Amino acid sequence: MTAPPAAARHLSLWLQARRSGFAAELHRPPSGEAVLTLVAPDRPGLLALFSAALAANGIDILSAEVASLAGGIALDQFHVRESGGGPPDQRRWESARLDLGRLLASEEDAGKLVHRRVHRASWAASAAPAVQTRLHFDNLSSASLTVLDVFTQDRPGLLYSIAEALHGAGASIELARIATEGNKVTDAFYLRQPGSVGGKIVDAARLAEIEAAVLAAIDEHARRAG
């Protein structure tokens, strides 16, 4: 359940987003991780845009809760830090906010932005053991959505690559739970087939298509990261 102070902030952001098309708040508590709340009219590929702006500015996503509110508004919460640790400083956050505004206005290409700014050197020196990539589809846990669990090695910009692959494959992300532990990510994407009656993706060929798109995106991301 959302605490009353947070609920009041969310309502304020929701009203702002309805008026201006986008609202954001970076909350730096006295201790612990920074919490970033992003609110915008929901649309296909929105999570990819959010994560692209953060990755391009060296803001790591430690965990996230992505959901849609009434009236077609998306409210996404991210626990974030700078790549070197600690909450994002104001200059870095303002840069990410400006990038996100350009992405939402289609004045910038998300893929080009991420690839231009995320450098190979950022993970080249990592001595952590490699994590094997595994994908698992679950059509039992949710009554109306297909759950895709992704287990793989974390790298800067990874969430953007996965979210963009799902968008490109025609799967709508209705809810996402993102978690990072060390160099391993455990992400759960709740997917809907746009235009379908039941919402779930049950066709084996469609599931194979989505799986291939996500695996290809992760492989390409790893290749670029070196």
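## A tour from helix α6 outward

Select helix α6 first, where the buried residues are Leu158, Leu159, Tyr160, Ser161, Ile162, Ala163, Ala165 and Leu166. Everything on this tour refers to a predicted model. The helix runs over residues 158-168 and is mostly covered, with 8 of its 11 residues buried. If you follow the chain onward, glycine 170 comes just after α6, and there the backbone takes a positive phi of about 85 degrees.

Keep Tyr160 displayed and select alanine 110, which touches Tyr160 as well as Leu49, Ala52 and Leu103, leaving aside residues up to four places away in sequence. Alanine 110 belongs to helix α4, which spans residues 110-117. Is alanine 110 buried or exposed? Its relative accessibility is 8%, and because buried means under 20%, alanine 110 counts as buried. Now add alanine 56 to the selection: although alanine 56 and alanine 110 are 54 residues apart in sequence, their C-alpha atoms are 9.0 Å apart in space.

Return to α6 and pick Leu158, then add glutamine 153, which touches Leu158 together with Pro129, Ala130, Val131 and Asn183, again not counting residues up to four places away in sequence. Glutamine 153 is found in strand β6, which covers residues 146-153. With a relative accessibility of 12%, glutamine 153 also falls under the 20% cut-off, and therefore counts as buried. To see where its side chain is directed, show the backbone of valine 131, whose nitrogen lies 2.9 Å from a polar atom of the glutamine 153 side chain.

Next, select strands β3 (residues 59-69) and β4 (residues 73-82), which pair in the antiparallel sense over 10 bridges. Which residue in β4 is the bridge partner of alanine 64? Phenylalanine 78 holds that position, so labelling these two residues gives a convenient reference point on the pair. Between the strands of this hairpin there are 3 residues, and in the hairpin glycine 71 takes a positive phi near 80 degrees.

Finally, keep β3 in view and add strand β7, residues 172-181, which is joined to β3 by 4 bridges and runs antiparallel to β3. Here you can label glutamate 65, which stands opposite arginine 177 in β7. With β4, β3 and β7 displayed together, the view shows β3 paired antiparallel with β4 and likewise antiparallel with β7.

Methods
Residues numbered from 1 in each chain as written. Predicted model: local features only at pLDDT ≥ 70, side-chain atom pairs only at ≥ 80, totals over all residues. Heavy atoms only, no water. Buried < 20%, exposed > 50% of the residue type's maximum accessible area, 1.4 Å probe, protein only. Contact = heavy atoms within 4.5 Å. Polar contact = N/O pair within 3.5 Å; in protein donor to acceptor, adjacent residues only side chain to side chain.
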